[in-house]
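Dear colleague,

I am passing this structure on to you, and below it you will find my notes on what turned up when I went through it. Please read them with the structure open beside you.

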Amino acid sequence: MNKEINNKSLLFDLGLLPISNRFLKNKFEKGPKFPFKVDISERNGLISLNKPFPVHEIKPRFDWITCSEPEDHLDDLVDVLIQLPGISKKSVIASFSFKDISTLERLKKRGFLNQWSIDPKEDLEIKDKKCSIETFQSKFNLKSAIKILVKYGLADIIIVRHVLEHSYNINNFVSSIKKLIKKNGYIVWDLPDCKKSLKKLDYTMLWEEHTYYFTKFTLKHFLKKNNFEIVNFYSVPYSYENSLVAIVKDKGDFFYKENNYFHRELKNEIQQAKFFAKSLNNQRKKIREKLIQLKKKYSGGDIVLYGAGHLSVAFISIIQLSDIISYVIDDNLNKKEMFMPIGNIKIVSSKKLYEKNIKICLLGLNPENHSIIIGKNKDFIKKGGIFLSIFPGSNSYFGEQIK
């Protein structure tokens with residue numbers, strides 16, 4: 001069992017922050033806020049929340065809230081999985097959540113039909129359909145794993161995409177997953193790679209639903225300390241954050257010894273995390289100044305933010321920009337006319353872009369979708385408007401517009 005994650009020190013304190021999915025019905029309604037402190041382990045460099053938000057609070061209040069993960073690499077992942085030693089079309093393929101369905105479907109098309117998935121209602125006793133990963137991970141433990149094992153049997157492969165970083169009790173979660181695989185079975189972990197955000201000082205990385213922030217270095221160390229043999233490990237490049245993929249086998253009493261290379265890399269990892277934390281106040285100042293300059297450049301017009309998701313909430317709340325953003329644009333009809341969880345900022349449709357006072361639209365949704373939004377709103381550009389990204393290093397990052 002990995003005990004190192006308990007050896008933490010405070011990295012920085014963001015004060016009280018809102019729940020990103022808690023959209024408000026009017027500007028007088030107030031959503032809850034909770035302390036958001038970020039820790040780092042001095043022994044392994046892993047960044048984590050000091051105290052996660054209560055699960056029952058971050059559970060979605062609306063049945064129309066969805067979540068999606070990067071999937072462009074899944075065809076290649078399936079190619080790797082079906083060639084693993086000991087795997088055939090008779091092998092049992094299992095999955096943890098709805099995030100794994102598209103992978104299972106790809107495997108079915110390749111003839112791997114012997115599959116099972118954990119049922120939240122039947123296997124985890126979750127009755128509320130609005131519940132998501134935050135609740136799934138809280139209900140999954142050794143007791144429920146044994147119940148699932150009796151029902152479905154052991155798996156040759158179990159897929160766990162974008163859940164590990166949500167774990168409140170990560171050691172218990174990993175131990176429970178181990179109960180579901182055969183002696184020489186494989187676990188497929190797929191989760192965000194935070195390295196790019198740390199290097200580029202992108203604070204939208206921080207989200208109350210992510211309790212851990214892994215990099216290649218910290219994930220490899222975590223897996224080895226939990227007695228896993230790493231069969232395959234790689235990072236898939238994406239425009240916002242890369243995806244880490246680790247295919248592992250449980251080695252039981254495997255002993256991992258840290259070497260000089262580990263300690264050199266650990267030092268670099270901790271230095272980078274501390275620089276990320278130390279730079280926050282300066283980045284807040286620089287971003288505010290650049291946005292004010294942009295506003296002056298475009299004759300004082302309103303600045304709006306496109307995308308009413310958790311990345312936009314992080315940008316507004318962590319960088320402290322409630323007074324600068326006039327509206328948040330989102331064409332999800334369920335969100336229209338509601339208010340963001342931070343700053344009483346109204347959510348309006350993209351039609352708002354064509355009002356004469358709006359010249360600057362910041363793109364706060366995943367950069368993978370930026371070109372789609374720009375393509376749909378060419379008339380906004382024709383009338384003198386400009387789209388700029390909030391993400392450092394992305395195309396048209398607003399910080400590059402002001403010299």
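In this predicted model, five strands form an open sheet in the order S13-S12-S11-S14-S15, and their pairing is parallel. At the edges stand S13 and strand S15, which covers residues 386-389, and each of these pairs on one side only. The link between S12 and S13 is a parallel pairing over two bridges, and there you can find Ile 329 opposite Val 348 of S13.

Two helices pack on this sheet. Helix H11 (residues 280-297) touches strand S11 (302-306), strand S14 (358-363) and S15, and its direction makes about 150° with that of S14. Helix H12, for its part, packs on the sheet by touching S11, S12 and S14, with a direction that makes about 140° with that of S11.

The two helices also meet one another. Their axes, those of H11 and H12, come within 10 Å and cross at roughly 100°, which means that H11 is roughly perpendicular to H12. On the H11 side the contact is made by Leu 280, Arg 284 and Ile 287, and on the H12 side by Phe 315, Ile 318 and Ile 319.

Within H12, Ser 317 deserves a separate look. Is this residue buried or exposed? With a relative accessible area of 10%, Ser 317 falls under the 20% cut-off and is therefore buried. A polar atom of the Ser 317 side chain lies 2.6 Å from the backbone oxygen of Val 313, and, once residues up to four places away in sequence are set aside, Ser 317 touches Leu 17, Pro 18 and Ile 342.

Turning to the interior, nonpolar side chains in soluble globular proteins tend to be buried together. Here the largest nonpolar core has 63 residues, and those with the most contacts inside it are Leu 206, Ile 325 and Leu 362. Helix H12, residues 310-319, supplies the largest share of this core, namely seven residues. Apart from this core lies another, of 38 residues, among them Val 92, Val 163, Leu 180 and Phe 222. To see the surroundings of one central residue, you might select Leu 362: leaving aside its neighbours within four places in sequence, Leu 362 is in contact with ten residues that you can pick out, including Leu 291, Ile 303, Tyr 306, Phe 315, Ile 325, Leu 388 and Phe 398.Another group of strands centres, for my notes, on strand S10 (residues 242-250). Eight of the nine residues of S10 are buried, so this strand is largely enclosed by the rest of the structure. Strand S7 (residues 181-193) pairs with S10 in the antiparallel sense over seven bridges, and strand S9 (residues 228-236) pairs with S10, again in the antiparallel sense, over eight bridges. Which residues stand opposite Val 245 of S10 in these pairings? Asp 190 stands opposite Val 245, and so does Tyr 234. A hairpin of five residues joins S9 to S10.

Two loop residues have backbone angles that you may wish to check. Most residues other than glycine have a negative phi. His 162, however, has a positive phi of about 55° although it is not a glycine, and this residue is found in the loop between strand S6 (155-161) and helix H7 (170-178). At 2% relative accessibility, His 162 counts as buried. Glu 337 also has a positive phi, near 75°, and is likewise a residue other than glycine; its place is in the loop between strand S12 (325-329) and strand S13 (347-348). Unlike the buried His 162, Glu 337 is partly exposed, with a relative accessible area of 39%.

Finally, Lys 351 is found in the loop between S13 and S14, and with a relative accessible area of 68% this residue is exposed. Lys 351 and Ile 181 are 170 residues apart in sequence, and their C-alpha atoms are 51 Å apart in space.

With kind regards

Conventions
Residues numbered from 1 in each chain as written. Predicted model: local features only at pLDDT ≥ 70, side-chain atom pairs only at ≥ 80, totals over all residues. Heavy atoms only, no water. Core = buried A, V, L, I, M, F, W, Y, C linked by side-chain atoms within 4.5 Å. Buried < 20%, exposed > 50% of the residue type's maximum accessible area, 1.4 Å probe, protein only. Helix = DSSP H or I, 4+ residues; strand = E, 2+ residues; numbered from the N terminus. Contact = heavy atoms within 4.5 Å. Pairing = 2+ DSSP bridges. Axes fitted to C-alpha atoms, helices over the stretch in contact; angles between N-to-C directions. Polar contact = N/O pair within 3.5 Å; in protein donor to acceptor, adjacent residues only side chain to side chain. Parallel < 35°, antiparallel > 145°, perpendicular 65-115°, else oblique.
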